[in-house]
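Let's take a friendly walk through a protein model together. Please have the sequence and the 3D view ready.

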Amino acid sequence: MELVIYAVIVLGVLGAIFGAILAIASKIFAVEVDPKQAAVRECLAGANCGGCGFPGCDGYAAAVAKGEAPVNKCVAAGPAAAEKIAEIMGVSAGASVRKVAFVPCSGTEGHAVKRFNYKGPKNCQAAMLFGGKSNMDCRFACIGLGNCADACQFGAMSIVDGVAKVDREKCVGCGACVDACPKKIVRLVPYDQHVEVACSSHDKGAAVNKICEAGCIGCMKCQRECPADAIVVTDNLAKIDVSKCVQCGHCSDICPRHIIKVQN
């Protein structure tokens, strides 16, 4: 019994000694955190989405505190957070343009020809590895297996009829879906730009006709009839100059393929 008591006492003494050593070491080797960094970190969304271009919220907060990053890069937290961070850093937040993700593809189920029915893992990259480019005949098409939706931390991406779709109100423009897409067709567009060409194909019209009922055929009707001269067909694909576009929607009304969309 005495041995047990002695063992308990020894363990208690050793524990106290090691605890004291750790406490002293933590003070000696402590890394001082800039108070500004901690204050900036409190303003961030905490999503660690990487939309700012830094490795998580801590990395961005540290860069801001050092004056190495602008104060308005946390797209998830928005302009209000940018104003708070600017106040902490004693600078101006500056103007920022809200952006949202856009998937330029209209090749939904029944409209685009499939090379084969893919039955493997529900992953776009896996489908590309299995099929060479994808399971779709159109090499520019959305594969629709949800890599982008899996990467989105805000519930803004979903797969509808085989094509990724963006909820513009939920999207914060972090760009995680852009990075996750192995086809690299997802892009960020200004939130205030509501007219977009929902196609990425650069194939000629005759080739598009064979594989997709909803692909741009480069007919140039939109270019000819745009009242603002905001549309140009380049490399067989209509493109909108957002600096000229007045968002009248005329191009959407006259597009014979119905691939110029007016986003809500």
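What follows goes from the inside of the model to its surface, and then to two residues in loops.

Keep in mind along the way that this is a predicted model. A good place to begin is the largest nonpolar core, which has 46 residues. Within this core, Val103, Met157, Val197, Ile259 and Ile260 touch the most other members. Several strands give two or more residues to the core: strand 1 (99–102), strand 3 (163–166), strand 5 (195–197), strand 6 (231–234) and strand 7 (237–240).

Ile260 deserves a second look. If you set aside its neighbours within four places in sequence, Ile260 is in contact with Val195, Glu196 and Val197, and also with Cys222, Cys251, Ser252 and Cys255. There is also a second, separate core, made of 17 residues, with Cys43, Cys57, Met89 and Ala93 among them.

Now turn to the surface. Here Ile5, Tyr6, Ile9, Val10, Leu11, Val13, Leu14, Ile17, Phe18 and Ile21 form a nonpolar patch, and together they have about 960 Å² of accessible area. One of these, Ile21, lies in helix 1 (residues 2–28). Is Ile21 buried, partly exposed or exposed? Its relative accessibility is 47%, so Ile21 counts as partly exposed.

Finally, visit two loops. Met220 sits between helix 8 (205–211) and helix 9 (221–225). Its phi is near 75°, a positive value in a residue other than glycine, and Met220 is partly exposed at 34% relative accessible area. Gln247 is in the loop between strand 7 and helix 10 (250–254). Gln247 is not a glycine either, yet has a positive phi of about 60°. With 31% relative accessibility, Gln247 counts as partly exposed.

Notes. Residues are numbered from 1 along each chain as its sequence is written. This is a predicted model: local features need pLDDT of at least 70, side-chain atom pairs count only at pLDDT 80 or more; totals for chains, interfaces and linings use all residues. Side-chain values use heavy atoms; hydrogens and water are left out. A nonpolar core is a set of buried Ala, Val, Leu, Ile, Met, Phe, Trp, Tyr and Cys residues joined through side-chain atoms within 4.5 Å. Buried means under 20% relative accessible area, exposed over 50%, partly exposed in between (1.4 Å probe, protein chains only). Helices (H or I, at least four residues) and strands (E, at least two) are DSSP runs, numbered from the N terminus. Contact means heavy atoms within 4.5 Å. Patches are made of residues with over 30% relative accessible area and no salt bridge: like charges are joined within 9 Å, nonpolar side chains (Val, Leu, Ile, Met, Phe, Trp, Tyr) within 5 Å. Accessible areas come from the Shrake-Rupley method with a 1.4 Å probe; for residues, only the protein chains shown count as cover. A salt bridge is a side-chain nitrogen of Lys or Arg within 4 Å of a carboxyl oxygen of Asp or Glu.
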